[in-house]
Amino acid sequence: PPDIMKLDKLIEINFEDNDLEAIPAEFGHCTSLTRLSMPFNSLKELPVEIAQLHKVRFLNISHNKLAEMPDCIGSLTSIEMLDLSSNEILVMLPSIGNLVHCETMTLGLNILEGLPREVGNLR
């Protein structure tokens, strides 16, 4: 909904355990977000506009239907905790190496075939 753009001061959103199949692109305007939690839904992808959420430190999109790590996550360089567990992820994209501030990354219960060499950028 377009009214989401008015939520530019919102710092936390929790959409846990709904039947969401998509996240509106307008969420890219919630630029004050530091926590975004969307586990236990039916998400297959994220809108590219999520890449505008540069303050996000906590991102949980576990227990969804993602087949690959959304590339927009690689733009969220402030992330400290990323949970992509319990999806259908086969491939992690090289942009995972951009998350140099990430302290906790949970990838369990996917179908990963390997990790890109850029994962070595994480410390």
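# Exercises on a predicted model

R35 is partly exposed, with a relative accessible area of 34%, where buried means under 20% relative accessible area, exposed over 50% and partly exposed in between, computed with a 1.4 Å probe and protein chains only. The model is predicted, so local features need pLDDT of at least 70 and side-chain atom pairs count only at pLDDT 80 or more, while totals for chains, interfaces and linings use all residues. Residues are numbered from 1 along each chain as its sequence is written, and side-chain values use heavy atoms, with hydrogens and water left out.

**Exercise 1.** Find the residue whose side chain meets that of R35 in a salt bridge, and say where both partners lie.

*Solution.* Start from the rule that a salt bridge is a side-chain nitrogen of Lys or Arg within 4 Å of a carboxyl oxygen of Asp or Glu. By this rule the model holds one salt bridge. The side chain of R35 meets that of E12, at 3.8 Å from N to O. This pair links distant parts of the chain, since R35 belongs to strand β2 and E12 to strand β1, 23 residues apart; strands are DSSP runs of E with at least two residues, and helices are runs of H or I with at least four, numbered from the N terminus. As for exposure, E12 is partly exposed, with a relative accessible area of 46%.

**Exercise 2.** Describe the surroundings of I11 and S37, using contacts outside their sequence neighbourhood.

*Solution.* Contact means heavy atoms within 4.5 Å. First place I11, which lies in the segment before β1 (12–14). Leaving out residues up to four places away in sequence, I11 touches S32, L33, T34 and R35. The C-alpha atoms of I11 and S32 are separated by 5.3 Å, although these residues stand 21 residues apart along the chain. Next take S37, which is in strand β2 and counts as buried at 9% relative accessibility. With neighbours within four places again set aside, S37 is in contact with I13, N14, F15, E16, F58 and N60.

**Exercise 3.** Classify the pair formed by the rings of F15 and F27.

*Solution.* Rings of Phe, Tyr and Trp (its six-membered ring) pair if their centres lie within 6.5 Å, and planes under 30 degrees apart count as stacked, over 60 as edge-to-face and the rest as tilted. By this rule there is one aromatic pair. The ring centres of F15 and F27 are 5.5 Å apart and their planes stand at 85°, so the pair is edge-to-face. Both residues lie in the loop between β1 and β2 (35–37), twelve residues apart. F15 is partly exposed, with a relative accessible area of 22%, whereas F27 counts as buried at 6%.

**Exercise 4.** Give the size of the largest nonpolar core, then examine the contacts of L82 and M92.

*Solution.* A nonpolar core is a set of buried Ala, Val, Leu, Ile, Met, Phe, Trp, Tyr and Cys residues joined through side-chain atoms within 4.5 Å. The largest one has 30 residues, and those with the most contacts inside it are L46, L59, I73, L82 and L84. Outside its four nearest places in sequence, L82 touches L59, I73, I96, L99, C102, T104, M105 and T106. M92, found in the loop between β4 (81–83) and β5, counts as buried at 4% relative accessibility. Not counting residues up to four places away, M92 touches M69, L84, L107, L112, L115 and P116.
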